[in-house]
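User: Could you take a close look at one part of this model for me, the place where the two chains meet? I'd like to know what sits there and how the surroundings are put together.

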Amino acid sequence: MMTQITSAQAAILAINSLALGGLLFLLSSGFSLIFGLMRIPNLMHGSFFMLGAYFGVTLLGWGTNFWLAAVLSGLAVAAIGGVIERLLLRRLEGQVLPQVLLTLGLAFIIADICLMVWTGDPYQPSAPSELRGAVTAFGMFFPLYRLAILGVAVVIAIALWIMVDWTRLGAMIRAGVDDPPIARVVGIKVSQLFTLIFCLGAGLAAFAGVMGAPYLSVYPGLDFEMLPLALIVVILGGAGSLLGTLVGSFIIGFLYNFGQVRFPGLAYVILFLPMLLVLVLRPQGLFGRNVA
Amino acid sequence: MIVKLRYAAIAIALALLATLPMWVGNSYYINIASQFLLFAVFALALNVLVGYAGLVSLGHAGLFAVAGYSGALLLQAGFDHLAAIAAAIVITLVASAVFAALALRSTGIGFLMITLALGQIVWGVAYRWASLTNGDNGVNVSTRPAPFGLSLASAPSFYFATLIVFLLAIASMAVFVRSPFGASLRGTRDQARRMNALGYNVWLIRFLAIVFSGFWTGVAGLLFIYYNQFISPQISALTSSAEVLLMVISGGTATLFGPVAGAAIVVIMKNVVSAYIERWNLVLGVIFVVIISFMPEGLVPGTVRLLRWAWGRLQAKPSAAGERPSERPSERPSEERVP
């Protein structure tokens with residue numbers, strides 16, 4: 001079952017791992033903020049990813065520019081997320097079990113509607129034309145698009161970091177994560193923050209869905225394949241911690257790609273090992289402070 | 001009076017269940033009844049955690065599949081039924097213990113997320129580790145057991161065997177709920193910190209509850225493979241865990257018969273819906289959303305409350321207030337953490 005990996009293969013795998021890590025970061029950062037701030041394990045998060053990807057497929061089918069499609073799809077899903085948060089989740093504030101079940105029920109509904117609208121056939125839109133080739137370095141080919149995914153993820157990670165650590169909004173978010181009642185007392189409108197964060201998380205997940213479509217392709221079941229990955233990343237990194245999410249995403253990215261080559265049958269299961277280790281040794285996650 | 005009514009209702013239900021194959025001639029419906037009973041066992045098992053321990057597991061289909069797969073694979077390897085069943089139960093108990101040890105690192109949301117991830121691990125093994133589990137093609141179970149020489153091949157005979165297991169499960173739940181252990185488990189649900197201060201080992205109580213729940217989940221898993229004579233990764237998916245959870249919450253948690261009613265509702269609905277449209281997941285999702293939004297205490301009590309409220313409105317006495325449906329379920333302080 002074990003296969004040896006040459007250094008050339010390892011380089012390609014590393015690029016793929018970084019690309020997957022970047023995608024996972026886009027997916028999980030929103031999940032982590034929603035979980036950290038609102039204490040909602042949003043089981044729709046994989047559905048946002050898939051819905052975004054499908055929207056992207058349709059928009060691309062109409063001849064939209066790739067980046068525009070990704071942004072539009074992100075905005076559309078952010079709006080859907082906002083509506084769900086305002087109309088349904090808001091009524092259940094502070095009740096964990098109903099929130100979980102509601103998001104789970106909505107996830108099933110979204111999955112079935114996607115199956116109805118986009119059928120069961122997989123779609124794999126092509127990458128934007130300017131990124132279709134590969135760059136040659138050190139005598140090896142690196143697919144350009146995967147590097148681009150990584151680049152976009154890094155840019156968004158920096159933007160999120162600046163937002164959370166350096167702006168007034170970020171300070172309010174951090175206050176909300178640390179102690180919601182006190183944040184309310186000092187005049188922060190935590191409930192508006194909730195909606196904002198929920199929209200942001202949903203939008204980022206959908207954006208990631210479009211970004212990932214040329215790489216992972218879009219198919220029914222993608223939602224519940226991505227959700228556990230976001231879950232692992234957040235348990236690994238610690239809820240509410242962007243740095244933790246970043247590190248967790250890349251750990252999982254590498255583990256997935258290298259695991260797939262070395263232990264093909266067990267690649268999926270291996271992904272959960274670091275999560276189990278962290279649970280046993282450091283239940284709050286690598287960079288988490290408060291226990292979930 | 002109420003107690004007598006209750007006993008009468010139970011007696012009637014028992015009589016109906018015991019004679020079901022006689023008045024339901026068609027083996028298709030007898031099979032649906034068997035399905036209902038085996039899922040009722042599963043729902044009862046999950047209710048130990050969701051209802052009495054206040055721990056919501058979204059990974060119970062994983063334990064169900066562990067039992068099913070170990071039974072099916074051992075049978076395929078040539079073990080006889082007794083050995084395969086015994087070994088499958090032991091494996092499920094060990095899996096439950098591991099499950100418990102990991103998931104109890106956290107309570108509340110954390111517990112739920114960890115159980116979800118653990119369930120996904122089982123799904124990953126069942127689906128992707130094809131050399132062990134035959135992947136998507138699943139594993140066949142060629143024969144049903146014949147306890148004391150009685151063949152269970154026919155639909156009615158299998159139904160009676162399932163009914164006996166179901167009654168044993170109900171009886172064990174009744175004993176469990178009334179036992180000091182059941183009382184202390186409810187104590188850890190409502191007042192974890194106080195229980196801890198009183199000298200109870202909260203962790204151990206929860207751990208044992210998960211193993212107890214795992215045992216009946218395993219039994220249900222074995223019934224399932226003998227019923228279907230086949231197991232595939234589908235049964236370990238998150239959808240299955242969600243379905244059982246729906247059975248528990250739709251019937252009303254922390255009641256003895258709630259999960260049974262929930263299992264009946266879900267199994268019947270699933271069979272009816274699947275006969276007409278292919279949109280079971282959509283229906284499942286809509287039921288979830290409706291229950292959560294409009295009748296958080298469960299379908300059965302919720303419907304009763306809504307009917308009562310509507311009846312009260314029809315009586316048209318404006319002074320008869322206090323019958324309006326409450327928007328929120330009673331909140332349970334289950335979020336407390338034990339240091």
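Analyst: Here is a walk through the contact between the chains, followed by the parts around it.

Keep in mind that this is a predicted model. Let's start with the contact itself. Chain A puts 33 residues into it, and chain B puts in 36 residues. On the chain A side, the elements that supply two or more residues are α4 (96-118), α9 (222-237), α11 (267-270) and α12 (273-281). The biggest giver among them is α4(A), with 13 residues. Sort the chain A side by class and you get 28 nonpolar, 3 polar and 2 charged residues.

Now follow α9(A), since this helix also packs inside its own chain. The axis of α9(A) comes within 9 Å of the axis of α1(A), residues 7-38, and the two cross at roughly 65 degrees. That crossing is right-handed. From α1(A), the residues that take part are A:L24, A:L27, A:S28, A:F31, A:S32 and A:F35, and they meet A:M226, A:L229, A:A230, A:V233, A:V234 and A:G237 of α9(A). By class, this helix pair brings together 9 nonpolar and 3 polar residues, with no charged ones. So α9(A) has a part in two places: it gives residues to the side that touches chain B, and it meets α1(A) within chain A.

Just ahead of α9(A) there's a detail worth a look. A:S217 sits in the loop that links α8 (190-216) to α9 of chain A, and it has a positive phi of about 65 degrees despite not being a glycine. As background, most residues other than glycine have a negative phi. A:S217 has 14 other C-beta atoms within 10 Å, so it counts as partly exposed.

What about the nonpolar core? The largest one has 198 residues, and the members that touch the most others are A:I232, B:V41 and B:A117. Those names come from both chains, so this core takes in residues of chain A and chain B alike. The top contributor is helix α2 (residues 27-53) of chain B, which gives 18 residues. For a look at the chain B part, take B:V41: setting aside neighbours within four places in sequence, it is in contact with B:V165, B:F166, B:A169, B:W216, B:V219, B:A220 and B:L223.

Step back to chain A as a whole. It has 12 helices and 2 strands, and from the N terminus the order is α-α-α-α-β-β-α-α-α-α-α-α-α-α. Its radius of gyration is 19 Å, close to the 19 Å that the globule rule gives for 292 residues, so chain A is as compact as a globular protein of that length. The C-alpha trace spans about 60 × 45 × 35 Å along the principal axes. Of those 292 residues, 52% count as buried. As for the contacts in chain A with a separation of 6 or more, 76% are between residues 24 or more positions apart.

The partner, chain B, has 14 helices and 2 strands. Here the radius of gyration is 21 Å, close to the 20 Å from the globule rule for 339 residues, so chain B too is as compact as a globular protein of its length. Its C-alpha atoms fill a box of roughly 70 × 55 × 40 Å along the principal axes. In chain B, 44% of the 339 residues count as buried, and 74% of the contacts with a separation of 6 or more are between residues 24 or more positions apart.

Two loop residues of chain B round this off. B:Q229 lies in the loop between α10 (202-228) and β2 (230-231), and it has a positive phi of about 55 degrees although it isn't a glycine. With 14 C-beta neighbours inside 10 Å, B:Q229 counts as partly exposed. The other one is B:A254, in the loop between α11 (238-251) and α12 (258-276) of chain B. B:A254 is partly exposed as well, with 19 other C-beta atoms within 10 Å; a residue needs 20 or more to count as buried. Beyond its neighbours within four places in sequence, B:A254 is in contact with B:G51 and B:Y52. By contrast, the C-alpha atoms of B:A254 and B:S142 are 38 Å apart, with their positions 112 residues apart along the chain.

Notes:
Residues numbered from 1 in each chain as written. Chains lettered and ligands numbered in written order. Predicted model: local features only at pLDDT ≥ 70, side-chain atom pairs only at ≥ 80, totals over all residues. Helix = DSSP H or I, 4+ residues; strand = E, 2+ residues; numbered from the N terminus. Rg over C-alpha atoms; globule rule 2.2 N^0.38 Å. Buried ≥ 20, exposed ≤ 12 C-beta atoms within 10 Å, placed from the backbone. Contact = placed C-beta atoms within 7 Å. Core = buried A, V, L, I, M, F, W, Y, C linked by C-beta atoms within 7 Å. Nonpolar A, V, L, I, M, F, W, Y, C, P; charged D, E, K, R; others polar. Axes fitted to C-alpha atoms, helices over the stretch in contact; angles between N-to-C directions. Left-handed = near helix turned anticlockwise from the far one by under 90°.
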